[in-house]
Amino acid sequence: MQNVIISLILSLVLASFAFFKKALTNNALILAFIFAFLITYFGGISSFLMLTTVFLSTVIAGIIKKEKRKEITKDIHQKGHQKDIGSIIANVAPGTIALLIYGFTKNEIFLVVYACLMAEAISDSLASDIGILSKKAPINILTFKRSKPGLSGNISLLGIFSSLIGSLLIALIYYLFNLNLINGIIITICGFLGNFIDSYLGAALQVKYKCSKCGIITEKEEHCQTKTKYYKGLKIFNNDVVNIISNILSGMLGLILLIIIK
Ligand SMILES: [Zn+2]
């Protein structure tokens, strides 16, 4: 009973912060609260701290040079800055499921898999939000050609560096609670590689459109007040789908590495 109350209080604090920062849409807020409760109840304080770190880093990264980011993304990204239910599912649902499995099996491997999934989530979000501010134009991960900032599949040194810092942060929290260096290294690797998987899928499969009026390549379905035309990629592969697939793949990579070293 004590655990239920502590988990409820902590999730409520996190959800209230998200509410006052207007970080999430209403539906996303309710779902995030449920996920936060399950994560804290089954995974304990360390898991709650990892979730909080992912969330706070997203909020803080969003504040840095907000206007510049808005200017870059307004013609490209389908969604605004507020995270909706799709973003919450893509970034937090796999981690919540890993902790549910941990809760029922008590197999510690799933606690590490959760950390890998959180490391991937923070890694991807920092790579996009901070990487987009890179002074040098990014390169496309498939063609290695210089590309316009903001498009999925682009990578920059600043983004790669930010994603590594994010992964290390989650690994550090895991290490402080569990003192297991090998697992900490696995978490860092999974988070860091997960971000590359995300960029690769973003470049190779994510749907992109072209504006028939101004010719811009975009992820938006509408530009210059007209419907954009299909340009490349698979139509079901929007940003959320790419995110959840790369999140799950990095968790599976973690699971495989953990089984191998056992
Ligand atoms: Zn246009």
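Helices here are DSSP runs of H or I with at least four residues, and strands are runs of E with at least two, numbered from the N terminus. The model is predicted.

**Exercise 1. Locate K65 and describe its backbone and its exposure.**

Step 1. Place the residue. K65 sits in the loop between α2 and α3, the latter being residues 66-73.

Step 2. Read the backbone. Phi of K65 is near 45°, a positive value in a residue other than glycine. Most residues other than glycine have a negative phi.

Step 3. Count neighbours. There are 15 other C-beta atoms within 10 Å of K65. Buried needs 20 or more, and exposed needs 12 or fewer. K65 is therefore partly exposed.

**Exercise 2. Find the residue with positive phi that follows α6, and decide whether it is buried or exposed.**

Step 1. Follow the chain out of α6. L179 comes next, and its phi is positive.

Step 2. Put a value on it. Phi of L179 is near 50°, and the residue is not glycine.

Step 3. Place it. L179 belongs to the loop between α6 and α7.

Step 4. Classify it. L179 has 9 C-beta neighbours inside 10 Å, so it counts as exposed.

**Exercise 3. Describe how α1 packs on α2.**

Step 1. Take the geometry. Helix α1 covers residues 2-20 and helix α2 covers residues 26-63. Their axes come within 8 Å and cross at roughly 115°.

Step 2. Name the arrangement. Angles of 65 to 115 degrees count as roughly perpendicular. That makes α1 roughly perpendicular to α2.

Step 3. Give the hand. The crossing of α1 past α2 is right-handed.

Step 4. List the contact. From α1 come N3, V4, S7, L8, L10, S11, L14, A15, A18 and F19. From α2 come L29, A32, F33, A36, F37, T40, Y41, F48, T52 and F55.

Step 5. Sort by class. The contact of α1 with α2 holds 15 nonpolar and 5 polar residues, with no charged residues.

Step 6. Look at one contributor. V4 lies in helix α1. With 11 C-beta neighbours inside 10 Å, V4 counts as exposed. Its C-alpha is 9.8 Å from that of F42, which is 38 residues away along the chain.

**Exercise 4. Check the lengths of α5 and α6 against expectation, then examine burial.**

Step 1. Test α5. Its 23 residues should span 33 Å at 1.5 Å a residue. The end C-alpha atoms of α5 are 32 Å apart, which agrees.

Step 2. Test α6. Helix α6 runs over residues 157-178 and has 22 residues. From first C-alpha to last, α6 reaches 31 Å, close to the 32 Å expected.

Step 3. Assess α5. Of its 23 residues, 22 are buried, so α5 is largely enclosed by the rest of the structure.

Step 4. Assess α6. Buried residues in α6 include G159, S162, S163, G166 and S167. L169, I170, A171, I173 and Y174 are also buried.

Step 5. Find the partners. The buried residues of α6 pack against α2, α5 (109-131), β2 (154-155) and α7 (181-204).

**Exercise 5. Characterise the packing of α5 on α6.**

Step 1. Take the geometry. The axes are 7 Å apart, and the angle is about 150°.

Step 2. Name the arrangement. Angles over 145 degrees count as roughly antiparallel. α5 and α6 are therefore roughly antiparallel to each other.

Step 3. Give the hand. α5 passes α6 in a right-handed crossing.

Step 4. List the contact. α5 supplies A115, M118, A119, I122, S123, L126, A127, I130 and G131. Among the α6 residues they meet are L158, G159, I160, S162, S163 and I165.

Step 5. Sort by class. The contact of α5 with α6 has 14 nonpolar and 7 polar residues, and no charged residues.

**Exercise 6. Determine the surroundings of C224.**

Step 1. Place it. C224 is in the loop between β5 (222-223) and β6 (226-227).

Step 2. Classify it. With 13 C-beta neighbours inside 10 Å, C224 counts as partly exposed.

Step 3. Find its contacts. Leaving out residues up to four places away in sequence, C224 touches C211, K213 and C214.

Step 4. Take one pair. C224 and K213 are 11 residues apart in sequence, and their C-alpha atoms are 6.7 Å apart.

Methods. Residues are numbered from 1 along each chain as its sequence is written. This is a predicted model: local features need pLDDT of at least 70, side-chain atom pairs count only at pLDDT 80 or more; totals for chains, interfaces and linings use all residues. Axes are lines fitted to C-alpha atoms, for helices over the stretch in contact, and angles run from 0 to 180 degrees between N-to-C directions. Angles under 35 degrees count as roughly parallel, over 145 as roughly antiparallel, 65 to 115 as roughly perpendicular and the rest as oblique. A crossing is left-handed if the near helix is turned anticlockwise from the far one by less than a right angle, and right-handed if clockwise. Two residues are in contact if their C-beta atoms, placed from the backbone, lie within 7 Å. Ala, Val, Leu, Ile, Met, Phe, Trp, Tyr, Cys and Pro count as nonpolar, Asp, Glu, Lys and Arg as charged, and the others, Gly among them, as polar. The expected span of a helix is 1.5 Å times one less than its number of residues.
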